[in-house]
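User: Could you take me through this model, please? I am new to reading structures.

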Amino acid sequence: MASSEPKHEHRENEEEEAAGADDEDTGAQVAPIVRLEEVTVSTGEENENPIIDLKAKLYRFDKDGNQWKERGAGTVKLLKHKETGKVRLVMRQSKTLKICANHLVLPTMMVQEHAGNEKSCVWHAADFADGELKDELFCIRFASIEHCKSFMEMFQEVAESQKKEETEDASTAAGLLEKLTVEDKKSEEKSEEKAVDKIKEADAKEEKAEDKTKEGDAKKEKAEDKDAEKKDERASA
């Protein structure tokens, strides 16, 4: 029994030395078997600036089942295009990043508080999340009343701004149409003047041709008169 304890201790020392040897840094560098390259992922939002960015849960109204169905929980954004100024609403699921809402914010849209819940609001939209336009009734629920109010205020503000831009675009288009109409009238007047000038030139050419014809006829008559006089003289002689 007395000799077994040292052997046990000796075995433990050997195990500790082996473990220490395994943990020792040899300084050798091992190249990875597969080298991964960095891949740039496009989200389609590169040319847009976020106006609002909030976490929420989205629902759509199922007309067939006459009930609300969850579309997903994630981040809802209002994105303004850097060039066109158009604003769209985009919402992606937090885990899969799948798009559950994607539509333009139009001047005709209105967002309203959902009855009986101050953290939720509803609106109609022609949505393109599924790859085709669908008329949807959405309901979105936020974690706080403040977030819901911020979303509603910004949504309505964007709709109003789009209405102003649409009015400005319409007035600009009307101005361009008026300008084009004036230019068309001027071009028409010029073309009419050219047509009149061409008619006058044609009339002048006809008059010249008639004058030449008359001169030719007069010359013929004179020649015929001379021939007749000569014949009379010969006859009298």
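Analyst: Certainly. The model is a predicted one. A convenient starting point is the hairpin formed by β2 and β3, which has five residues between the two strands. Gly-85 lies in the turn and has a positive phi of about 80°.

User: How many bridges are there between β2 and β3, and in which sense do they pair?

Analyst: Strand β2 covers residues 67-81, and its pairing with β3 is antiparallel, over seven bridges. Within this pair, Val-76 is found opposite Met-91 of β3.

User: And what joins β3 to β4?

Analyst: Five bridges do, and these two strands also run antiparallel. In this pairing, His-103 of β4 is the residue opposite Leu-89. β3 and β4 form a hairpin as well, with five residues between them. The turn contains Leu-97, whose phi is positive, at about 60°.

User: Is β3 mostly covered or mostly open?

Analyst: Strand β3, residues 87-93, is mostly covered, since five of its seven residues are buried. For the chain as a whole, buried residues account for 20% of the 237 residues.

User: Let us step back. In what order do the strands sit in the sheet?

Analyst: The order is β4-β3-β2-β1-β7-β6-β5, and these seven strands make an open sheet with antiparallel pairing. At the edges are β4 (99-104) and β5 (112-113), each of which pairs on one side only.

User: What about β6 and β7? How many bridges join them?

Analyst: Eight bridges connect β6, residues 120-127, with β7, residues 134-142, and the two run antiparallel. His-124 is placed opposite Leu-137 of β7.

User: Which helices and strands does the chain have, and what pattern do they follow?

Analyst: There are two helices and seven strands in the chain. Along the sequence the pattern reads α-β-β-β-β-β-β-β-α; a helix therefore stands at each end of this pattern, with the strands between.

User: Changing topic: which residues gather in the patch of positive charge on the surface?

Analyst: The patch consists of Lys-219, Lys-222, Lys-226, Lys-230, Lys-231 and Arg-234. Of these, Arg-234 belongs to helix α2, which spans residues 145-236.

User: Is Arg-234 buried or exposed, and why?

Analyst: Arg-234 is exposed, because its relative accessible area is 65% and a residue counts as exposed when that value is over 50%.

Notes: Residues are numbered from 1 along each chain as its sequence is written. This is a predicted model: local features need pLDDT of at least 70, side-chain atom pairs count only at pLDDT 80 or more; totals for chains, interfaces and linings use all residues. Side-chain values use heavy atoms; hydrogens and water are left out. Patches are made of residues with over 30% relative accessible area and no salt bridge: like charges are joined within 9 Å, nonpolar side chains (Val, Leu, Ile, Met, Phe, Trp, Tyr) within 5 Å. Accessible areas come from the Shrake-Rupley method with a 1.4 Å probe; for residues, only the protein chains shown count as cover. A salt bridge is a side-chain nitrogen of Lys or Arg within 4 Å of a carboxyl oxygen of Asp or Glu. Lys and Arg count as positive and Asp and Glu as negative; His and the chain ends are not counted. The place of a charge is taken as NZ of Lys, CZ of Arg, CG of Asp or CD of Glu. Helices (H or I, at least four residues) and strands (E, at least two) are DSSP runs, numbered from the N terminus. Buried means under 20% relative accessible area, exposed over 50%, partly exposed in between (1.4 Å probe, protein chains only). Two strands pair if DSSP finds at least two bridges between them.
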